[in-house]
Amino acid sequence: MSAAQTKPGRRLAAGPQYQALDLLATLVAIVDADGVVLWSNAALEDLLGTSRRAIAGLPLWDWFESPELLRNALASAGGNEYALIRYDDRIRRPGHELLHVHVLLSQMEESGRFLVELLPLEQQARMEREERLVEQAQANKELIRNLAHEIKNPLGGIRGAAQLLQMELDSRELVEYTQVIIHEADRLQLLVDRLLAPHRRARVVSDVNIHEVCERVRSLVLAEFPRGLKVLRDYDTSIPEFRGDREQLIQALLNIVHNAAHALSERIERGDAEIVLRSRIARQITFGKQRYKLALELHVTDNGPGVPDEIKDRLFYPLVSGKDGGSGLGLNLAQTFVQQHQGLIECDSVPGRTDFKLLIPLP
């Protein structure tokens, strides 16, 4: 036992009253005026790779690159100079690079105790990006609904007028023009129906095995691309079944894998195109502003040229496509279907490697 633990008057914090802090993605520690850890939450345990029992009784600044910053902050907070102190520092982690964090220090109601919150700057940026994705999807949903309804009515009138006009025409050449109008009106109607499809169809919820979904998608893609493309499996077979719409998930995953296959067209011709389907369990993960004990993490990784820089930020917008002749609906529909399972799709892409990550809560 360290000298910090045996110092007269020091008492480690009891766990039960702080259990709610274990639900936070934020790294939290409760320290005394000397910076000694009295309690830490599960997120901080995970980051440091050790138990709270091992952390308790040790000075928190032992893990900081600049320990004097925390010492000074504690002295200022203890003297009631500031209600909340913020600064940036870096945390040492065994076997990892230093982690940039934003530190928030505040005095607790209990005398001589301080709450230290650590916000990884990378994690904060990811949470902001996820929040934008959710807001973007909601805005897209409203835009699509309004736009589709605005298009449908005049489109029906144009098609009907063209049909009536065709009945009155004797010239074959003029009839061909009306047929073009009817054909294009039908094409636009089909596009509108596809835009509205995910919002119209009732969900059919059942027990879903994600690896059955993966195998179905894999067989469909290999049937379309029988040569030059490998679709490799890397499954965690311990992942449990969960409640969801199997057909929606098949369609979502198929859209992503299909996009990847088309992006690999040059490598397919050379015979070295590769897509990897990898499933894992993520523990104590936060996305979409909620923390989950368990979540499915499904990766679709390809060795293609990567997503063009000009559309990276708009990848899940409707009608945005990186390929010639693409409708730009595939990834938007995939995001919509996954979000209907309280999940989220993220993309990380550089030349030679593109990774789509599907996150879905598990029971």
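These legends go with a set of close-up views of a predicted model.

**View 1. The span that the UniProt record marks as PAS, residues 19-57.** The annotation "domain: PAS" comes from an unreviewed UniProt entry. In the model, this stretch is 28% helix and 26% strand, and its end C-alpha atoms sit 19 Å apart. Have a look at Glu45, which is part of helix 2 (residues 42-48). Is Glu45 buried or exposed? With a relative accessibility of 18%, Glu45 counts as buried, because the cut-off for that is under 20%. Glu45 and Ile55 are ten residues apart along the chain, and their C-alpha atoms are separated by 8.1 Å.

**View 2. A salt bridge between Glu65 and Arg90.** The two side chains meet at 2.8 Å, N to O. This pair ties together distant parts of the chain: Glu65 belongs to the loop between helix 3 (52-55) and helix 4 (67-78), while Arg90 is in strand 3 (residues 84-91), 25 residues apart. How exposed are the partners? Glu65 is partly exposed, at a relative accessible area of 33%, and Arg90 is partly exposed too, at 26%. As a reminder, side chains of opposite charge can pair when their charged atoms come close. Across the model, the count comes to eleven salt bridges.

**View 3. Glu184 and Arg187, a salt bridge inside helix 6.** Here the N to O distance is 2.8 Å. Why do these two line up? An α-helix has 3.6 residues a turn, so residues three or four places apart point the same way. Glu184 and Arg187 are three residues apart in helix 6 (residues 172-200), so about one helical turn separates them. Glu184 counts as partly exposed, with 30% relative accessibility.

**View 4. Glu215 and Arg233, a salt bridge from helix to strand.** The closest N and O atoms of this pair are 2.7 Å apart. Again, distant parts of the chain are linked: Glu215 comes from helix 7 (residues 210-224) and Arg233 from strand 7 (residues 229-234), 18 residues apart. Both partners are partly exposed, Glu215 with a relative accessible area of 29% and Arg233 at 46%. Elsewhere, Arg267, Arg270 and Asp272 are joined into one network by salt bridges that share partners.

**View 5. Helix 8, from its start to its far end.** Start at Asp245: one of its side-chain oxygens reaches to within 3.1 Å of the backbone nitrogen of Glu247, at the start of the helix. How far should the 18 residues of helix 8 (residues 246-263) span? At 1.5 Å a residue the answer is 26 Å, and the end C-alpha atoms are indeed 26 Å apart, so the two agree. The buried residues of helix 8 include Gln248, Leu249, Ile250, Leu253, Asn255, Val257 and Ala261.

**View 6. The second largest cavity and its lining.** The structure holds two cavities of 30 Å³ or more, and the second largest has a volume of about 40 Å³. Which residues line the second largest cavity? They are Ile210, Val213, Leu249, Leu253, Leu298, Leu358 and Ile360. Helix 7, helix 8 and strand 12 (353-361) are the elements that give two or more residues to this lining. Leu249 and Leu253 also turn up among the buried residues of helix 8.

**View 7. Helix 10 and the loop that follows, with His341 and Gln342.** Helix 10 (330-339) is mostly covered, with nine of its ten residues buried. Among them are Gly330, Asn332, Gln335, Thr336 and Phe337. His341 lies in the loop between helix 10 and strand 11 and is buried, at 4% relative accessibility. A polar atom of the His341 side chain lies 2.9 Å from the backbone oxygen of Phe337. Gln342 is in that loop as well, ahead of strand 11 (344-350). Is Gln342 buried or exposed? Gln342 is exposed, because its relative accessible area is 51% and the cut-off is over 50%. Its backbone is worth a look too: Gln342 has a positive phi of about 60 degrees although it is not a glycine. For background, most residues other than glycine have a negative phi.

Definitions and conventions:
Residues numbered from 1 in each chain as written. Predicted model: local features only at pLDDT ≥ 70, side-chain atom pairs only at ≥ 80, totals over all residues. Heavy atoms only, no water. Helix = DSSP H or I, 4+ residues; strand = E, 2+ residues; numbered from the N terminus. Expected span 1.5 Å × (residues − 1). Buried < 20%, exposed > 50% of the residue type's maximum accessible area, 1.4 Å probe, protein only. Polar contact = N/O pair within 3.5 Å; in protein donor to acceptor, adjacent residues only side chain to side chain. UniProt positions renumbered as here; feature names shortened; annotations may be inferred. Salt bridge = Lys/Arg side-chain N within 4 Å of Asp/Glu carboxyl O. 1 Å grid on protein atoms, 1.4 Å probe; cavity = no way out; pocket = protein on both sides within 12 Å on 5 of 7 lines; lining within 4 Å. Points joined across faces, edges and corners; volume = space filled by probe spheres on them.
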